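Biologist: I should like a close look at the interior of this protein, with its nonpolar core and the pockets beside it. Please treat the backbone at any unusual positions as well.

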Amino acid sequence: MSVLASKSFTEPEEVREFPHGHVDLVTVGDTTVGRAEFEPGWRWSRDVGPIAGTESCQAAHTGYILSGRMHVVMDDGAEGEAGPGEAITVEPGHDAWVVGDEPCVMVDFTGLRDYAK
């Protein structure tokens, strides 16, 4: 029985591209982990929403922001922002966008298995 499984994002198993960004995916055990890079100007409702076919993002995210800033607005109007070094959770039913002119790079442990499909 193996006690350690690892995969590198330098050779992702899948890359999903969308306007203003992309997601690199690896599966370790039963978990799909994504490294997402969102360029300045990226907004979920404009760049991924048409791919998802929903009014707002219906994925739950648990992640860690490596660089840049992300602003999130929930369907009920609640909002928040996170940046480098912060761990985040975001429930389904939200829009999000990059703040400023630096790409937002994050690692997501729960919400990218079916993202941008």
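Modeller: A residue counts as buried under 20% relative accessible area, as exposed over 50%, and as partly exposed in between. The model discussed here is a predicted one. By that scale His20 is partly exposed, because its relative accessible area is 37%. His20 sits in the loop that joins strand 1 (14-18) to strand 2. Its phi is positive, about 65 degrees, although His20 is not a glycine. Most residues other than glycine have a negative phi.

A second position of this kind is Ala116, whose phi is near 60 degrees, again a positive value in a residue other than glycine. Ala116 belongs to the segment after strand 9. With a relative accessibility of 15%, Ala116 counts as buried, because the limit for that class is 20%.

His20 also leads into the interior, since Phe38 is in contact with it. Leaving aside neighbours within four places in sequence, the contacts of Phe38 are Phe18, His20, Met70, Val98, Pro103, Cys104, Met106 and Tyr115. Phe38 itself is among the residues with the most contacts inside the largest nonpolar core, together with Phe18, Trp42, Met70 and Tyr115. That core comprises 23 residues. At least two of its residues come from each of strand 2 (21-28), strand 3 (31-38), strand 5 (69-74), strand 7 (87-90), strand 8 (94-99) and strand 9 (104-108).

Met70 leads on from the core to the pockets. The largest pocket holds about 280 Å³ of space. It is lined by 21 residues, and those closest to its centre are Met70, Val72, Ile88, Val90 and Ala96. Strand 4 (61-67), strand 5, strand 6 (79-82), strand 7, strand 8 and strand 9 each contribute at least two residues to this lining. By class, the lining consists of 15 nonpolar, 4 polar and 2 charged residues.

Tyr115 provides a similar link to the second largest pocket, which contains about 200 Å³ of space. Of the 16 residues in its lining, Gln58, Ala59, Gly111, Asp114 and Tyr115 are the closest to the centre. This lining divides into 9 nonpolar, 4 polar and 3 charged residues.

Taken together, Met70 and Tyr115 are both among the residues with the most contacts inside the core. Met70 is also one of the residues closest to the centre of the largest pocket, and Tyr115 is one of those closest to the centre of the second largest pocket. Phe38 is in contact with both Met70 and Tyr115.

Technical notes. Residues numbered from 1 in each chain as written. Predicted model: local features only at pLDDT ≥ 70, side-chain atom pairs only at ≥ 80, totals over all residues. Heavy atoms only, no water. Core = buried A, V, L, I, M, F, W, Y, C linked by side-chain atoms within 4.5 Å. Buried < 20%, exposed > 50% of the residue type's maximum accessible area, 1.4 Å probe, protein only. Helix = DSSP H or I, 4+ residues; strand = E, 2+ residues; numbered from the N terminus. Contact = heavy atoms within 4.5 Å. 1 Å grid on protein atoms, 1.4 Å probe; cavity = no way out; pocket = protein on both sides within 12 Å on 5 of 7 lines; lining within 4 Å. Points joined across faces, edges and corners; volume = space filled by probe spheres on them. Nonpolar A, V, L, I, M, F, W, Y, C, P; charged D, E, K, R; others polar.
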